[in-house]
Each structure stands twice: as structure tokens, then as C-alpha cells.
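Q: Please take a close look at one part of this structure, its helix packing, and set that part in the context of the whole chain.

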Amino acid sequence: MLGVDPGARRVGLALADEASGVAVPLEVVDVAATDPVARIARLVAERDVTLVVVGRPVGLRGRDGPAVSQQQELVARLRARLDVEVTEFDERLTTAAAERSLRAAGAPRSARRRVVDALAAQTMLQGFLDRRKA
């Protein structure tokens with residue numbers, strides 16, 4: 001299972017094995033340097049991914065946030081390119097939670113910027129896994 005935390009500049013990726021129920025951060029794709037859809041397609045093939053979970057930017061009140069149109073474009077491109085299921089899951093506050101964790105761990109700002117999106121993808125994917133178990 002592959003988790004995707006979409007963003008305008010960076011896309012965070014995380015992997016999970018449904019059997020173990022644990023998500024781990026994988027990488028951050030710089031959108032200016034790499035097409036995230038092509039990178040995700042490569043990972044799906046290389047890692048035998050059977051499900052891609054894309055974070056949906058929902059606001060605190062449960063309504064779609066301003067970044068939903070960009071996220072929906074990414075979801076449509078992934079569904080057109082991949083032969084696996086692509087689903088969406090609420091990513092509310094995942095980046096904020098990842099930032100807090102990195103600050104608490106004492107990570108310097110430059111290091112946080114490099115990994116925060118992958119940690120946000122991990123948080124979102126772990127939430128998806130936990131919800132499926134319940």
C-alpha cells in the first residue's frame with residue numbers, strides 16, 4: 001500500500017504492509033524536478049503496490065480545503081495511469097502533526113523541510129490502516 005500526501009511543491013510518499021498494519025515514510029518527490037505520477041507508477045510496479053491512498057485536504061470543519069482541485073487532478077491522473085485501486089482519505093492536520101514531531105525531536109528546519117511531507121504521508125496512511133482495522 002502506498003500513501004500519497006499531495007502538495008503543490010512536494011509530494012510525500014509512505015509505504016505500508018497491510019498484514020503488519022504499520023506505515024513508514026518513504027520519500028519526498030520535488031514536483032519541479034520529477035513528475036509525481038511517473039514516480040508513483042514506478043513505485044507501484046517495483047514494490048508490488050496493490051492500493052494507492054491519496055490524502056484529501058479536508059478543512060477543520062470537514063469541508064474540502066482550497067487544495068482539493070489540485071488533489072483531484074492528481075487522483076484523476078493516477079487512476080488513468082495505474083492498474084491498481086486509487087482511493088482518497090482525509091489528511092486533515094497530518095502535516096502539522098509531522099512538523100510537531102520533528103520539532104519535538106529537535107530536527108533542524110532544513111531537515112524538517114526534506115522529510116515532513118513523507119511523515120505526513122505516513123501519518124495519513126497509518127490513519128487509513130487503523131480505520132480499516134476498526
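A: The protein contains 4 helices and 5 strands (DSSP runs numbered from the N terminus, H or I of at least four residues for helices and E of at least two for strands). The model is predicted, so local features need a pLDDT of at least 70 and side-chain atom pairs a pLDDT of 80 or more, while totals for chains, interfaces and linings use all residues. Residues are numbered from 1 along each chain as its sequence is written, and side-chain values rest on heavy atoms, without hydrogens or water.

Read from the N terminus, the order of the elements is β-β-β-α-β-α-β-α-α. Of the 134 residues, 44% are buried (under 20% relative accessible area, with exposed meaning over 50% and partly exposed in between, for a 1.4 Å probe and protein chains only). The protein exposes about 7400 Å², of which carbon and sulfur atoms supply 49% (Shrake-Rupley method, 1.4 Å probe). Among contacts (heavy atoms within 4.5 Å) with a separation of 6 or more, 63% join residues 24 or more positions apart.

The part for close inspection is the packing of helix H1 (residues 36–46) on helix H2 (residues 68–81), whose axes lie 10 Å apart at an angle of about 45° (lines fitted to C-alpha atoms over the stretch in contact, with angles from 0 to 180 degrees between N-to-C directions). H1 and H2 are therefore oblique to each other (neither under 35 degrees, roughly parallel, nor over 145, roughly antiparallel, nor 65 to 115, roughly perpendicular). The crossing of H1 over H2 is right-handed (the near helix turned clockwise from the far one by less than a right angle; anticlockwise would be left-handed). On the H1 side, the contact is made by Val37, Ala38, Ile40 and Ala41; on the H2 side, Leu74, Arg77, Leu78 and Arg81 take part.

H1 itself is mostly covered, with 8 of its 11 residues buried. These are Pro36, Val37, Ala38, Arg39, Ile40, Ala41, Leu43 and Val44. The cover over the buried residues of H1 includes H2 together with strands E1 (2–5), E2 (10–17), E3 (22–30) and E4 (51–56).

Leu78, which lies in helix H2, shows the packing at the level of one residue. Its relative accessibility is 0%, so Leu78 counts as buried. Apart from neighbours within four places in sequence, Leu78 is in contact with Val37, Ile40, Val52, Val54 and Val86. Val37 and Ile40 are also among the H1 residues that make the helix contact. The C-alpha atoms of Leu78 and Pro36 are 9.4 Å apart, although 42 residues separate the two along the chain.

Gln71 is also placed in helix H2, and its relative accessibility of 1% makes it buried. Beyond residues up to four places away in sequence, Gln71 touches Pro6, Val54, Gly55, Arg56, Pro57 and Glu88. Gln71 and Ala8, 63 residues apart along the chain, have a C-alpha separation of 9.0 Å.

Past the end of H1, the loop between H1 and E4 holds Asp48. Asp48 has a positive phi of about 50° although it is not a glycine. With a relative accessible area of 65%, Asp48 is exposed.

Strand E2, one of the elements that cover H1, contains Gly12. Gly12 has 0% relative accessibility and is therefore buried. Leaving aside neighbours within four places, Gly12 is in contact with Gly3, Val4, Asp5, Glu27, Val28, Asp117, Ala118 and Ala121. Gly12 and Val29 are 17 residues apart in sequence, with their C-alpha atoms 6.4 Å apart.

Outside the H1–H2 packing, the whole structure holds 1 aromatic pair (Phe, Tyr or Trp rings, the six-membered one in Trp, with centres within 6.5 Å; planes under 30 degrees apart are stacked, over 60 edge-to-face and the rest tilted). The rings of Phe89 and Phe128 have centres 5.5 Å apart and planes at 85°, so the pair is edge-to-face. It joins distant parts of the chain, since Phe89 is in strand E5 (residues 85–90) and Phe128, 39 residues away, is in helix H4 (residues 109–133). Phe89 is buried at 13% relative accessibility, and Phe128 is buried at 10%.
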